[in-house]
Amino acid sequence: MKICCIGAGYVGGPTMAMIAKQCPDIPVHVVDLNEARIKAWNSDELPVYEPGLLEVVTEARGRNLTFSTRVEAAITESDMIFISVNTPTKTYGMGVGRAANLEFVEKCARQIACVSKGHKIIVEKSTLPVRTAEAVKRILSSSGNGATFDVLSNPEFLAEGTAVEDLLTPDRVLIGGDSASAIESLAAIYARWIPRERILTSNLWSSELSKLTANAFLAQRVSSINAISALCEATEADVDEVARAIGTDSRIGPKFLKASVGFGGSCFQKDILNLVYLCEHFGLQEVATYWEQVVIMNDYQKRRFGEKIVKTLFNTVSNKKIAIWGWAFKKDTNDTRESSAIYVCRDLIRERAKLHIYDPRVSQAQILLDLQNAMLDSNGQLSAVDKMLIEQNVTMAADSYQAAENAHAIALLTEWDEFKTLDFKRIYGTMPQPAFVFDGRNILDRQALGKLGFEVHAIGKC
Ligand code: NAD
Ligand code: UGA
């Protein structure tokens, strides 16, 4: 058995590294068109920051784990091919802003059809709309070399920041397909380290739809608690107390009830919008509207946070220095896709605030790129005013202290652990009074900060 994976991103890289680690006898070849990314996978500066990942990669790399740009060779040599390419929301044409862009998946399927010989198992690892496997099968059936294929759906449930742990001990692995022998070939690989009872099998369509549904349910919990956070602020209830009270009901459970400045990441919004598009396609308008509200609530939560800063700072932030702590969409990752920080900061910049930004894992170039992309108009252009605002109103800070020096307010947007243990007495001494803190993750000790003199605003607390 030889395996390859097309797409060396946040999913392809860690997932294949774990398979290679657990199955030293199986050669695993991860390929990507992006040369810089492959170069990084072959170095000690991995393109993906994940606690524990470097150790897993280092153990297997050079033994049975290879990263390269040789896509065709990898396909030709492999018995099992994972497709783990990006499936972003469409930015043009039919289904714009909702449907998944499947061009990268289709390109992979065509390339596999073109160069394959003999029999191969194709595994959909990317998150795909239900019934995509039908299209993949049709494209594969056009192979001119007499090759035959089984197509499996094996969606990935890892979360960034805990990818290694999630891959080592997943709640479940899901394999959908219509060939029992192909399903068993893949199940046997996972069974090397995952108990059999956690390896679920289903038909292809249930598997594809389960992935979209899992993300929709998780995001719905965050939007639900965030909706309640607004009511808490209006009523002197405390959202963490409410979350604890409801989360101890075993039917509800404690996870994913952390109120925040809004969920981010590359998948929740994209996958819900994809679900919404599918429902509309099948004429299920009420179902579409129901799920879309999860995204609408999330946009509201991000906007509400920025507006609260402006209102609290006496209705103007023009030319006021604001420290931004955190840019990644959650802690322990360098991924910034759809991070709430981007949208809060875009709104503050347009209010003419002077932002001093610090994130322990995100580069200055990435932050500037994210802001530019968030400020593009409907024609994809950056207006002269927005360009000037980014140039003049955004400064990168080397650490939290530098960001906060002389700042009217601190906005904490990512829950990095290091923000909890800072010397707040020192920080208070460097800020003009009143010194405001807006904790978008509810991780700071409000009482202790209040005693030092800070005015602290958190989510869902008065
Ligand atoms: P990513 O953008 O980090 O990586 C995708 C990679 O595929 C890129 O490096 C790109 O260059 C490469 N690629 C695209 N087309 C290619 C082609 N034709 N040939 C070779 N390489 C190609 O994306 P990701 O975050 O790893 O997500 C991949 C898929 O997994 C998506 O469908 C996503 O929804 C799903 N997913 C992501 C996560 C997550 O936490 N990021 C978790 C579960 C599932
Ligand atoms: C999520 C799912 O958790 C994974 O199971 C799934 O595989 C993945 O999407 C995917 O398909 O890409 P991820 O986006 O990496 O994983 O990270 P999460 O831990 O789910 O966090 C998503 C966002 O929700 C973050 O911005 C996080 O801060 C926020 N969140 C999460 C909250 O605001 N409150 C919570 O209680 C939980």
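This is a short chat about a predicted model of a protein with two ligands.

Q: Hi! How many helices and strands does the protein have?
A: Hello! This predicted model has 18 helices and 14 strands.

Q: And how does the radius of gyration sit against the globule rule?
A: The radius of gyration is 24 Å, close to the 23 Å that the rule gives for 462 residues, so the protein is as compact as a globular protein of that length. Along the principal axes, the C-alpha trace spans about 75 × 45 × 45 Å.

Q: Nice. What share of the residues is buried?
A: Buried residues make up 46% of the 462. As for contacts with a separation of 6 or more, 76% of them join residues 24 or more positions apart.

Q: What domains does the assignment give?
A: Domain 1 covers 3-202 and domain 2 covers 268-458. Between their centres, taken over C-alpha atoms, there are 33 Å.

Q: How many residues from each domain take part in the contact?
A: Domain 1 puts in 16 residues and domain 2 puts in 14. On the domain 1 side, 8 residues are nonpolar, 5 polar and 3 charged.

Q: On to the ligands. Which residues come nearest to ligand 1?
A: Those are Gly-7, Gly-9, Tyr-10, Ser-126 and Thr-127, out of 27 residues around ligand 1. By class, that shell holds 12 nonpolar, 10 polar and 5 charged residues.

Q: Which element gives the largest share of that shell?
A: Helix 5 (residues 103-115), with 3 residues.

Q: And what is closest to ligand 2?
A: Lys-258, Ser-260, Phe-263, Gly-265 and Cys-267, among the 21 residues that surround ligand 2. The shell splits into 11 nonpolar, 6 polar and 4 charged residues. Helix 9 (residues 204-235) gives the most to it, with 3 residues.

Q: Where does ligand 2 lie relative to the domains?
A: Ligand 2 lies between domain 1 and domain 2, because both give residues to its shell.

Q: Switching topic: is Phe-438 buried or exposed, and why?
A: Phe-438 is buried, because 24 other C-beta atoms lie within 10 Å, and the cut-off for buried is 20 or more. Its place is in strand 13 (residues 436-439).

Q: Which residues does Phe-438 touch, leaving out those up to four places away in sequence?
A: Phe-438 touches Lys-308, Ile-309, Ala-409, Ile-410, Ala-411, Leu-412 and His-457.

Q: How far is His-457 from Phe-438?
A: His-457 and Phe-438 are 19 residues apart in sequence, and 4.8 Å apart in space, C-alpha to C-alpha.

Methods. Residues numbered from 1 in each chain as written. Chains lettered and ligands numbered in written order. Predicted model: local features only at pLDDT ≥ 70, side-chain atom pairs only at ≥ 80, totals over all residues. Domains from an automatic or database assignment. Contact = placed C-beta atoms within 7 Å. Nonpolar A, V, L, I, M, F, W, Y, C, P; charged D, E, K, R; others polar. Near = placed C-beta within 6 Å. Helix = DSSP H or I, 4+ residues; strand = E, 2+ residues; numbered from the N terminus. Buried ≥ 20, exposed ≤ 12 C-beta atoms within 10 Å, placed from the backbone. Rg over C-alpha atoms; globule rule 2.2 N^0.38 Å.
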